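Trainee: I have a structure to look through and I'm new to this. Could you walk me through it?

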Amino acid sequence: MPQKPLVYDAPSIEPRAASVEAIQAQILERLVYSVGKDPLVARPHDWLRVTILAVRDQIMDRWMESSRETWRTANKRVYYLSLEFLIGRLMRDAISNVGLMEPVQQALTNLGVDLGDLINLEPDAALGNGGLGRLAACFLESMSSVNIPAYGYGIRYAHGLFRQEMSEGWQVELPEDWLAHGNPWEFERRESAYEVGFGGHVEPVTDPDGEVRQEWRPNQHLLAVAYDTPIVGWRGKRVNTLRLWSAQPIDPILLDKFNAGDHIGALEESAKAEAITRVLYPADSTAAGQELRLRQEFFFSSASLQDIVRRHLQQYGDLGSLPDKVAIQLNDTHPAISVAELMRILVDDNGLKWAQAWKITKGTFGYTNHTLLPEALESWPVALLERMLPRHMQIIYQINADVLAEARTRAGFSDQQIAAVSLIDEHGGRRVRMGQLAFVGSHSINGVSALHTELMKQTVFADLHKLYPERINNKTNGITPRRWLLQCNPGLTKLISDRIGPDFLDDIDKLKGLLPHAEDVGFQKQFHDIKLANKKRLAKVIKDRLNITVSPDAMFDVQIKRIHEYKRQLLNIIHAVALYDEIRAHPEREWVPRVKIFAGKAAPSYWNAKLIIKLINDVARVINNDPAVRGLLKVVFLPNYNVSLAEVIVPAADLSEQISTAGMEASGTGNMKFMANGAVTIGTMDGANVEMHKEVGPENIFIFGLSTEEVDDKRSRSEVPRSAIDNSPRLREALDSISTGVFSPDDPHRYRDLIGGLYDHDWFMVARDFDAYVAAQARVDRLWQDKKRWNAVAIRNTASVGFFSSDRTIRQYAADIWGVPTA
């Protein structure tokens with residue numbers, strides 16, 4: 001029976017004036033009354049803070065009205081749970097989306113302040129690592145832009161992943177300090193604080209009606225305190241909320257211990273609580289690291305679900321309507337424990353029967369899978385869960401019993417299939433499979449590219465797909481065109497608007513209107529001039545940060561992403577070594593000047609990834625200083641890759657390296673950002689490259705390498721890769737140079753094992769794809785030398801990017817999974 005919505009009314013608030021004069025006055029008012037500074041002595045960081053506060057004030061009316069409208073209409077809400085939100089800098093994004101760029105810029109100019117300088121001064125929010133977190137940020141912005149009432153839920157990390165610096169070419173991890181001076185965008189919500197428990201025991205309790213229920217009695221407690229940040233949609237249509245949880249102790253100091261002289265022990269509870277929200281992805285190579293990771297995941301999942309249930313009960317009064325009014329999307333497996341936690345809240349805290357609670361849970365959750373890599377499909381030791389979350393382990397056992405009974409009786413599964421779908425992995429120590437838990441507890445399981453979705457059905461979830469064939473669907477990832485075209489490349493945005501009109505700003509599919517202009521020589525020159533200006537800006541960043549001079553006229557060949565063996569930065573740098581050898585051996589040839597640009601972080605405990613960074617820097621040092629190269633080849637590694645650095649690199653790229661081992665990249669979104677900005681892609685038929693190939697056409701993208709099926713075949717036959725190396729003199733010589741210490745004279749054997757792996761197993765197909773990669777790069781060179789054809793291909797890439805907008809992705813989620821309308 002539908003519930004009568006809670007009446008929600010409030011006095012109206014007069015919106016703030018948005019003229020240049022009004023904004024200038026608001027900035028000065030904030031400077032004096034919020035920061036306490038005279039304009040005569042204000043420093044750049046003061047102007048940054050007060051400008052953010054003035055812009056935030058402009059957003060507040062829209063934010064409150066968005067919330068009120070959702071309460072008034074009783075519209076269904078979407079809740080997006082993600083361990084990462086790589087939101088980057090917010091000021092330019094917010095100013096642009098509410099249409100205040102010109103008045104804010106002029107107001108600051110009148111005050112003698114440059115908006116561009118302030119934008120560059122704003123710290124990146126250290127809330128994510130790579131594509132997963134950036135996707136979550138794009139999705140939040142798109143949900144606001146297409147008018148979906150939504151919350152993002154995550155963790156307010158004090159130090160994020162880490163700040164990457166280089167010491168003699170090695171990655172060094174240092175703490176991020178983005179919150180050192182506070183975050184002017186956020187609001188602490190003291191009323192939204194929830195207790196989260198760990199450990200303890202479960203006790204059966206008999207109710208007055210004779211029913212026996214289980215009651216969890218944790219022996220550890222902490223508080224999850226909410227901090228809210230407004231996320232503004234395009235044209236300010238809607239402002240949604242990013243709610244981040246900070247862990248705080250119930251008792252900040254144990255006075256009895258302190259007064260007894262144990263001053264450090266007195267702060268033990270504070271340290272334990274704060275550790276949960278200090279660092280993203282603490283190393284899990286130790287038992288303590290695993291426990292902290294699980295604490296993080298349960299902490300934010302439990303707080304988020306308590307908040308969601310509280311809001312729902314406040315408005316509707318009962319939980320039976322939860323799937324009709326709430327859609328919760330799990331972004332990868334990190335929040336998978338939410339399935340068990342919602343069951344606990346429904347059954348233990350609210351007295352629902354198991355069958356009803358399970359129906360509600362499945363109807364409420366959707367699960368997005370982002371990887372087929374076993375290490376990313378998390379699993380936790382049963383013993384750890386039994387100790388930390390004993391009631392949840394009981395619930396997982398009961399869910400598992402129901403699923404296995406269904407598999408046996410309804411589907412007639414064999415023992416082997418039963419073992420495959422079980423939530424408990426019995427091989428090599430009993431572990432809970434969190435991907436399986438998310439799957440069985442959700443009504444929708446989506447992949448993030450067409451290829452990835454099909455591979456999910458065939459590999460990691462093959463038997464679960466047979467049991468629940470209606471659940472898996474595809475939602476190809478996307479990027480927000482506001483940040484990744486309009487804001488990071490204003491020159492190109494203006495050029496496009498001048499040529500085809502401004503309608504594409506509201507409907508990115510209208511970029512296809514550029515296709516008839518791809519061969520226009522005049523337009524090509526304008527397009528090229530904007531790319532050259534962006535390359536000059538990046539060349540300055542490289543010079544300022546690395547003291548390396550690069551020519552903007554050279555091809556900027558870019559690979560920027562998390563460092564991982566499957567992403568194959570190793571293949572790229574081996575190509576650089578082979579190219580280096582050939583340039584020196586054949587100085588008479590007409591070489592294409594090329595700058596290979598790398599950026600990305602390696603997980604602190606991932607030795608081979610860190611070794612690849614060191615190799616890139618070793619190769620760069622030799623090549624960049626060899627006069628025989630004559631500047632025809634440069635190699636640079638830009639440290640501390642983040643959103644703001646990407647916003648400088650992406651518009652300047654000529655060639656986009658998307659060269660992962662086929663079948664291992666779920667989607668990728670960097671490929672889409674480069675495509676939007678007129679870079680040409682070289683890549684394998686992997687992830688969203690497959691759909692890019694379809695959208696842009698085979699003549700406008702460089703595809704090479706083994707297919708997914710060929711990779712699987714070679715792995716299944718345990719084929720020794722040595723013959724591929726022996727049959728490729730170019731590859732063999734490059735590997736010999738690396739493994740014998742040509743690039744590491746201080747430690748000649750540094751790369752012996754790394755290169756030895758290519759001879760022994762070559763799991764990521766670096767050696768076996770090398771010749772095809774070199775041939776594709778030769779085709780790239782030939783196209784580069786024909787400037788008219790290159791520019792036409794680059795323009796067609798920008799014109800064809802409309803499908804890869806996150807607005808399209810979110811509309812598909814809304815229609816197919818969440819059941820909510822969009823604008």
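What follows is a chat between a trainee and a mentor about this structure.

Mentor: One thing before we start: this is a predicted model, where local features need pLDDT of at least 70, side-chain atom pairs count only at pLDDT 80 or more, and totals for chains, interfaces and linings use all residues. Residues are numbered from 1 along each chain as its sequence is written, and side-chain values use heavy atoms, with hydrogens and water left out.

Trainee: Okay! Which helix gives the most residues to the largest nonpolar core?

Mentor: A nonpolar core is a set of buried Ala, Val, Leu, Ile, Met, Phe, Trp, Tyr and Cys residues joined through side-chain atoms within 4.5 Å. Here the largest one has 145 residues, and Met143, Ile148, Phe299, Ile396, Ile399 and Trp818 touch the most other members. Helices (H or I, at least four residues) and strands (E, at least two) are DSSP runs, numbered from the N terminus. With nine residues, the top contributor to this core is helix H2 (residues 44-73).

Trainee: And how many residues are in the second, separate core?

Mentor: Look for Ile583, Leu615, Phe637 and Val780, which are among its members. That second core has 59 residues.

Trainee: Is leucine 255 buried or exposed?

Mentor: Buried means under 20% relative accessible area, exposed over 50%, and partly exposed in between (1.4 Å probe, protein chains only). Leucine 255 sits in helix H7 (residues 255-259). Because its relative accessibility is 51%, leucine 255 counts as exposed.

Trainee: Which residues form a nonpolar patch on the surface?

Mentor: Patches are made of residues with over 30% relative accessible area and no salt bridge; like charges are joined within 9 Å, nonpolar side chains (Val, Leu, Ile, Met, Phe, Trp, Tyr) within 5 Å. Accessible areas come from the Shrake-Rupley method with a 1.4 Å probe, and for residues only the protein chains shown count as cover. With about 320 Å² of accessible area together, the patch is formed by Ile253, Leu255, Phe258 and Leu267.

Trainee: Now the charged ones. How far apart are the closest N and O atoms of arginine 243 and aspartate 228?

Mentor: A salt bridge is a side-chain nitrogen of Lys or Arg within 4 Å of a carboxyl oxygen of Asp or Glu, and by this rule there are 67 salt bridges. Arginine 243 is buried at 4% relative accessible area, and aspartate 228 is buried at 3%. Arginine 243 lies in strand S9 (residues 239-249) and aspartate 228 in strand S8 (residues 220-232), so their pair ties together parts that are 15 residues apart in sequence. The closest N and O atoms of this salt bridge are 2.7 Å apart.

Trainee: Which residues are linked in a network of salt bridges?

Mentor: Aspartate 307 and arginine 311 meet in a salt bridge at 3.0 Å, N to O; both lie in helix H9 (residues 287-316), four residues apart, and both are buried. The network links Arg189, Asp228, Arg243, Asp307, Arg310 and Arg311.

Trainee: Are lysine 494 and aspartate 498 buried or exposed?

Mentor: They share helix H20 (residues 490-500), four residues apart, about one turn of the helix. Their salt bridge has its closest N and O atoms 2.9 Å apart. Both lysine 494 and aspartate 498 are exposed.

Trainee: On to strands. Which strands stand at the edges of the six-strand sheet?

Mentor: Two strands pair if DSSP finds at least two bridges between them. This open sheet runs in the order S19-S18-S17-S20-S21-S22, with parallel pairing; S17 (residues 555-560) and S18 (residues 594-599), for example, pair over six bridges. Each edge strand has a single partner, so one side is left without a neighbour in the sheet: these are S19 (633-638) and S22 (702-703).

Trainee: What residue in the turn of the S6 and S7 hairpin has a positive phi?

Mentor: Strands S6 (residues 201-206) and S7 (residues 212-217) pair in the antiparallel sense over six bridges. Valine 205 stands opposite arginine 213 in S7. Five residues lie between the two strands, and the one with a positive phi, of about 90 degrees, is glycine 210.

Trainee: Last one: which helices do the buried residues of H30 pack against?

Mentor: In H30, the buried residues are Leu754, Ile755, Gly756, Gly757, Leu758 and Tyr759. Contact means heavy atoms within 4.5 Å. The buried residues of H30 pack against H22, H23, H28, H29 and H31.
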